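Work through the exercises below with the sequence and the model at hand, and try each task before reading its solution.

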Number of protein chains: 2
Amino acid sequence: MNYRDTFPALANKSYFNYGGQGPMPQSAIDAVAQAHIKIQQLGPFGNAVYPWLEKEMASARHAIASELNVSSDTITLTENVTVGCNIAMWGINWQPGDRLLLTDCEHHAIVAIAQAIALRFNIEVTTCPILHSQNPVETIFQHLQPNTRLVVVSHILWNNGQVLEVDKIAEICHQNQTKLLVDAAQSVGMMPLDLNQLGADFYAFTGHKWLCGAAGLGGLYVRPEAKPSLLPTFVGWRSVTTDTQGQPQDWHSDGRSYEIATSDFPLLLGLREALAYHNNWGNAEARYQQILKNSENLWQKLQSIPQIQSLLNSPPKSGLVSFQLANSQQGASGQLVKFLESQRIFTRTIAHPDCVRACVHYFTTESEIDELVAAIEQFSQAKYP
Amino acid sequence: MNYRDTFPALANKSYFNYGGQGPMPQSAIDAVAQAHIKIQQLGPFGNAVYPWLEKEMASARHAIASELNVSSDTITLTENVTVGCNIAMWGINWQPGDRLLLTDCEHHAIVAIAQAIALRFNIEVTTCPILHSQNPVETIFQHLQPNTRLVVVSHILWNNGQVLEVDKIAEICHQNQTKLLVDAAQSVGMMPLDLNQLGADFYAFTGHKWLCGAAGLGGLYVRPEAKPSLLPTFVGWRSVTTDTQGQPQDWHSDGRSYEIATSDFPLLLGLREALAYHNNWGNAEARYQQILKNSENLWQKLQSIPQIQSLLNSPPKSGLVSFQLANSQQGASGQLVKFLESQRIFTRTIAHPDCVRACVHYFTTESEIDELVAAIEQFSQAKYP
């Protein structure tokens, strides 16, 4: 079966926005709709529906944990990757004068969280420049200070697709008694992961990008060694055990301690179906190798367009291929993206550095890539001959 | 058309758990499913889908605001009522020694949040006893201290259905320079509301109980006068405006400043359909009057069962009717609820005070109430003759 038949979103377009939001396989869409109906049949509230929901939550948590090669109890289910980052960043017991270190390639959601925390706890936020660094690990190392309590980096930079050496960054952080939060928005669902080996303390991700689940469900991994010191911030009935009077007794000892309350539970079944779909195609390593083939193919073909300058000078080790229109006027990236979308080819702009980003998944076809390259060429020659 | 045909959940049961989760009208279920498909068709990510999503968000925000008689800019969309309570409770600029005042009738989610905040900011949490108070306003007044920064009360007590005089509580709080958060889990969708008149600073609610929307969408009202002092805690790209470099420029000046990131946007369309369904039946006042008729009917009929003791000694001014099995053994409430569910009649237990809660909506039928009462009578006579 052609993959376009299994992803309704791909029926009418060439799609390169997996880093923004992945299309859902039909089986995942159906699973969400069927779960809604099941909940209405069983409840929606009562003694029959709760055991079913708990089983489904446990099953989805297990499926997610398996993707990351960790145990279920390390996983907190969240609404999105940003909630996971909030949990980790707010959960540090900040003291005045403490330092928080970001890089200049973090998503502005991370910058906003840092600003909110700085406002509250009187801490210092430092940004270290890795965008043009030859050695990001060394750059981060140089910016660590004795009172740096937390470092936030992306596993894969969302602007240029560069993969950071998280294991080495974790090592230098831990030598400095510093915790490491990884924004895994672009890595989960794209590359094979073994979080025990990676060593990050907190690893925040979402189900709706490379995993192709529905928007509104993500997660946070907390390393068992880091759990005791990560305080709960936003909490609710899902965070606690209760006594016979229904009063909170203690925080859950596992990832549920950072969960809050009622969510859109059907999304759990959608994500599980999406995971099953991918694993049916091939394992995480096989999918990643295909993504690398596709991104190298796209990156190579872009080299042949004189007006196009790729952000990386070798094929990215990820599915994100970013490029600029050389010698172009301001706004050119946006014009190109709009032109492409008028041809039913979906890409996006990134503001910093100003560029166009095209993402390829393992199921991206060669003909899609050729179509994209031809359209970029057409636009470039017409606008910047 | 019979209402049972419009609510699939009601086709196979008698339902009294509106305070736990409301059934969705078919039109709301369909709207969610159709929105999923629309997002796949337009995107899921690109220049075509975002204007559509923004229009739908604005429209849902407006529909919610209209129910509360406030303007859209006072509304923060949240995942559930508890997230709204977290935003308000964590958003106070707590200083060591400050006091937070709860009542003994708050949901344990509120107690958990208070514990998490106390742990972080070294504040004192006090609980005032209103369950058996003849005058809850006076009881709260007596517990206010000069450094009480926030009071949290429920508009309708979730255990016994009592409606608190929020306007009077707001007045005594404001005279003390104290902010008031109202847990509106049981009031929104049940009674007509004019939040300007009510005077609460923060009013947290959910769409999935009395409003009959899907689980996973709620909101928080923040009184304009209280907005400047409520700090953002969990934040993300939805909280901020960005500059040309894509960096955060400022918090949004409206309710979006407390929103975070990607949500399950289709739920917005479901909630809007549910609201339209209710308003098509009658306005908020008409629906509330019908709820009061139904709860008085149930309350009266329960008086005729000798083994049953209602928690309130007059019909509740809400749709929540709670009662105990007099002279029963521990666990009797749970046994009754299980017996009722075996008869396809859905109620729930409450732990404090130990009781059974049956909720009636405006579309609850007399025959449902009669069926419930007959089953309670049957159980009581068999177990406690």
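The exercises that follow concern a predicted model, and they go from the contact between two chains to one helix and then to salt bridges.

**Exercise 1. Describe the contact between chain B and chain A, starting from its extent and ending with the elements that build it.**

Solution. Begin with the extent: 77 residues from chain B and 77 residues from chain A take part in the contact, and the two chains bury about 6,400 Å² between them, with 61% of this area on carbon and sulfur atoms. On the side of chain B, B:Phe45, B:Arg120 and B:Phe234 supply 13% of the area buried against chain A, more than any other three residues. Next, look at the kinds of pairing: the rule finds zero salt bridges across this interface, whereas it finds 36 residue pairs in polar contact there. Then turn to the elements of chain B, where α2, α4, α5, β9, β10 and α11 each supply at least two residues of the side that touches chain A, and α5(B) gives the most, with ten residues. Finally, sort the residues of that side of chain B, which divide into 38 nonpolar, 31 polar and eight charged.

**Exercise 2. Check whether the length of helix α10 of chain B agrees or disagrees with the expected span, and find what its buried residues pack against.**

Solution. Helix α10 of chain B covers residues 284-303, and at 1.5 Å a residue its 20 residues should span 28 Å; because its end C-alpha atoms are 28 Å apart, the length agrees. At the start of the helix, a side-chain oxygen of B:Asn283 comes to within 3.2 Å of the backbone nitrogen of B:Glu285. The buried residues of α10(B) include B:Tyr288, B:Ile291, B:Leu292, B:Ser295 and B:Trp299. Residues three or four places apart on an α-helix point the same way, because there are 3.6 residues a turn. The partners of the buried residues of α10(B) in chain B are α3, α9, β11, β12, β15 and α12.

**Exercise 3. State which parts of chain B the salt bridge between B:Glu124 and B:Arg99 links, and classify both residues as buried, partly exposed or exposed.**

Solution. In this salt bridge the closest N and O atoms are 3.4 Å apart. The pair links distant parts of the chain, since B:Glu124 lies in strand β4 and B:Arg99 in strand β3, 25 residues apart. B:Glu124 has a relative accessible area of 43% and is therefore partly exposed, while B:Arg99, at 17% relative accessibility, counts as buried.

Terms used: Residues numbered from 1 in each chain as written. Chains lettered and ligands numbered in written order. Predicted model: local features only at pLDDT ≥ 70, side-chain atom pairs only at ≥ 80, totals over all residues. Heavy atoms only, no water. Contact = heavy atoms within 4.5 Å. Buried area = accessible area lost by both parts, 1.4 Å probe. Salt bridge = Lys/Arg side-chain N within 4 Å of Asp/Glu carboxyl O. Polar contact = N/O pair within 3.5 Å; in protein donor to acceptor, adjacent residues only side chain to side chain. Helix = DSSP H or I, 4+ residues; strand = E, 2+ residues; numbered from the N terminus. Nonpolar A, V, L, I, M, F, W, Y, C, P; charged D, E, K, R; others polar. Expected span 1.5 Å × (residues − 1). Buried < 20%, exposed > 50% of the residue type's maximum accessible area, 1.4 Å probe, protein only.
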